Amino acid sequence: MEDIILNRLGYPILSITIFLPLAGALLISLLRNAYAIRWTALLTTFATLVVSLPLYIHFDKTTYKMQFVESYPWIPAWNLNYTVGVDGISILFVLLSALIGMLCVLASWKAIQEKVKLFYMAILLMETAMTGVFAAMDLFLFYILWEAMLVPMFLLIGIWGGSNRVYAAIKFVLFTLAGSVLMLVGIIALYYAGGGTFDILALAKAHYPVNLQIWLFLAFFAAFAVKVPMFPLHTWLPDAHTEAPTAGSVILAGILLKMGAYGFLRFSMPMFPDAVKIFFMPMLILSLIAIVYGAFVTLMQKDIKRLIAYSSVSHMGFVTLGLFSLNQTGMEGGIFQMINHGIVTGALFTCIGVIYERTHTRIIEDYGGLARAVPIFTVFFTIFALAGSGFPGTNSFMGEFLILSGAFKTKMAMGAISIMGVILGVAYMVWLYYRIFLFDVNPKVKEHLRDMGMREALMLVPLVFLVFYLGMQPSVLISYMQASVQHLLDRFGAGGQEITAVKGIIEVLK
Amino acid sequence: MSELMRELGPLFPEILMTVLTLSVFLAGLAVKKKSIMAFLSILGAAAAAYAIPISAGTAFNGMFISDGYGMFFKYIFMLNISLTALMSIDYSAVDERHSGEYYSLVLLASIGMMLMASAGDLIVLYLGLELMSLSTYVLTGFLRHNLKSNEASLKYFLLGTFATAILLYGIAMIYGLTGATNLKAVADYIAKNGLAANPVMLLAVISVTAAFSFKIAAAPFHMWAPDAYEGAPTPITAFMSIGPKTAAFAAFGRVLFDALGSARMDWGTILIAIAIATIVVGNMFALAQTNIKRMLAYSSIAHAGYMLMGIIPGTKEGMDAMMTYMLIYAFMNMGAFAVVIALGKEEIKSYDGIARRHPLISAAMLVFMFSLAGIPPTAGFIGKLSLFMAVIKAGYAWLAVIAVIFSAVSAYYYLRVVVNMYMKETEEEAVIASSPSLGIAILIIVLMVFIIGIMPSPFLNL
């Protein structure tokens, strides 16, 4: 019990943050009027954000320990507890989930006119599951919420998505499910290996035989690599992102992709340190392929949304590159970049949604000269596009910088190759910008172009603020995670002898 | 007299059910109303369920055992009767005129199942099996003027009789070897004389396994199931997707553990092969189905495969998990069939766009489909989890890996139903006759699927 600090706020703050959206969803199920439903959803997400704020105020940054911990017995037969808590890493994602949740409600205000009730219920259920995944301190609770997310996401893509939505929705579910059921086998095996407990902290403290660690690492890898997604398991992502409605794309890019990388941080690294030492090289190589290959594929895209989707593959490659550099700088950069990517790509998808609502086309060729036609929209998009390509002064620059220096420390060549991804990143963004915003206004969409309204501008202003604030003051976020990252890295330092990839493979073959 | 009463005590629920069956049959001559018959059946099933816990004990020199194991299955049978009764009220294909026969056959089949669950002797087991099977054959062909129903019944009857014969053959071999039909006596004789490795014993094990595999519709003895499920009146399809399967599992478990426990090496290996084949065949064939009753038939074949996994380790955890899974499966499968009855359509294509006009019933189907696919927080996930835990604990992690991969495959055909209901549009207006009894049944099942899914504690380690 020495690794946790119980919740001392006098009320179950994490549980309220997790279940408030669920309560909102239940309330919405009773409403009939679309107007009332939208406002209830908005107020619920806003209240969730406000309720979660004391977390950041009362958070103790000097310790790696789990804070605001609540624990109640759940299924005693399996020694299973409902335990939630946050440390310096997960607290950031709880905040991100609350932000993204509210953004989704606002972004869908006018776009969703059919089955409004079901839509907002799905969004709120997603928020409950997302927040819960990051706050869960029990492997079983984590898995339940991780899987439960499939249902609302499946509906979001499949009901309100684009023309190829059914294919994309089913592909999304099957890919994710195939990965996570293998993790389920891993979880059960871990449960018995760890002495019959689902408690994440207890499981992370035990030491497992290297052989078992390798199998478990692979089982968890199946689930996390699909979610991130890492090359070559990324093929569901462009379809799902492209076909999903704006809110769905925002959730996918903002939160779902982060869950995979978060899984590596929370489970694979502390629980299977020896296996991570064996596999970190292949992981780095996969990350590099994702960065470079993802960027090249991005360059070729003809559909704006698909372009941003593929850019996520490249960006998430940076994240995993940072995490598996296994040093303080790289890891902090990776986590920081996860937040940045959530903000920036979420904002880019929202922008695309805004323009799509007017023109009903996502083909790049149909656009042109937007800078002249819709200046306010242009300003917003420019900021986020610059942030997306890692322009100095924006948050992504700081993230990529940290990741690259981390990668250089681990392997010089890795850092050198990944620089190429940065260059390509600028290339595809600038080229996209060039084709959409410059030249004359394309007559195909001319009559539909109206500039952004108040609601649309308001929902993006906080994100603009975050882009620059985090770009100038990255320490605001990094100060939260420092102690936790340090603690995580201690797991690797304490191991003693370095196991190289070759030795490890020999060990498996034996 | 009191001696007789003591002997009959453990049989009290069965006696109650027999009296009920006869009264329903007699009442059916005068009252031609399904709702009244259904009410009587549910009332009787409730009374029997109330009598189950006080019936503990053995009767007739160990031929009949009423223990916790058997009682658990009997609760499932009572549940099965009640839900089938509710679902049949507004099922128009079954005429009001035949309500007496219909309900008494359902009850009669259930008595057979109860005997199977409590059989401490191979002869009692056989009697229960025949009572159950014959009643189910008739129920399958209950739609006399429907060709498909006739065909289903005949097919089920011919193949079923064949399986019963194989069971008898196995019983005869066991009797020939050990000179006993009582399960405990058989086990004692095998242990005392070291018969576990005897080739005739192996043949007997294979015969018994094959016969039960037929009854639970496990591959390669599953061929009858899709046809029988498709042809039977839909409430009967629901009834027999749970009742006979549950009863066969109950008896199978008892025979394997009580009588043939020392031959676990034999049946363990056979069952692994059957379980894998069943999971693969059930899930793969379900992918190709266009008729929802056939799809659910193949899905129930796949679920039988999962449940078999619980028997394989030969541990208490495994059996507990199998029993929990059985209960959960009963709820979610009943629910799916209840929705099929409510919609009155069998082609999956005809489900297009139903969610627009009927959001509640579509939401219920969504819950059942995701539960059958084993996605949390539904009961189906808890069932699969407890099974996998037992299997992995016993060291069969590779078996669990195969099972989870096919469970991911199964998501495809379950989701397809949801896709049609929610994501496709149609010109036709789906008209669904409102039925309060079906509504109640569906509501209860949805609640149970969530309750077991979120708060499973009371339903584990039964």
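A polar contact is a pair of N or O atoms within 3.5 Å; within protein, one must be able to donate a hydrogen and the other to accept it. The model is predicted.

**Exercise 1.** State how many residue pairs are in polar contact between chain B and chain A, and find which elements of chain B supply the touching side.

*Solution.*
- Count the pairs: 6 residue pairs are in polar contact between chain B and chain A, both residues at pLDDT 80 or more.
- Locate the elements: helix 16 (359–373), helix 17 (379–393) and helix 18 (397–423) of chain B each supply at least two residues of the side that touches chain A.
- Rank them: helix 18 of chain B gives the most, with 14 residues.
- Sort by type: this side of chain B holds 29 nonpolar, 4 polar and 3 charged residues.

**Exercise 2.** Describe the extent of the contact and find its salt bridge.

*Solution.*
- Chain B contributes 36 residues and chain A 34 residues.
- Together the chains bury about 3,100 Å², with 84% of it on carbon and sulfur atoms.
- There is 1 salt bridge between chain B and chain A.
- Its partners are the side chains of B:Arg356 and A:Glu114, at 3.2 Å, N to O. The cut-off for a salt bridge is 4 Å.

**Exercise 3.** Test the radius of gyration of chain B against that of a compact globule.

*Solution.*
- Take the expected value: for 462 residues, a compact globule would have a radius of gyration near 23 Å.
- Compare: chain B has 21 Å, which agrees.
- Add the burial: 63% of the 462 residues in chain B are buried.
- List the elements: chain B has 19 helices and 2 strands.

Technical notes
Residues are numbered from 1 along each chain as its sequence is written. Chains are lettered from A and ligands numbered from 1 in the order in which they are written. This is a predicted model: local features need pLDDT of at least 70, side-chain atom pairs count only at pLDDT 80 or more; totals for chains, interfaces and linings use all residues. Side-chain values use heavy atoms; hydrogens and water are left out. Contact means heavy atoms within 4.5 Å. Buried area is the accessible area (1.4 Å probe) that two parts lose on being put together, summed over both. A polar contact is a pair of N or O atoms within 3.5 Å; within protein, one must be able to donate a hydrogen and the other to accept it, and residues adjacent in sequence count only if both atoms are side-chain atoms. Helices (H or I, at least four residues) and strands (E, at least two) are DSSP runs, numbered from the N terminus. Ala, Val, Leu, Ile, Met, Phe, Trp, Tyr, Cys and Pro count as nonpolar, Asp, Glu, Lys and Arg as charged, and the others, Gly among them, as polar. The radius of gyration is taken over C-alpha atoms; the globule rule is 2.2 Å times the number of residues to the power 0.38. Buried means under 20% relative accessible area, exposed over 50%, partly exposed in between (1.4 Å probe, protein chains only).
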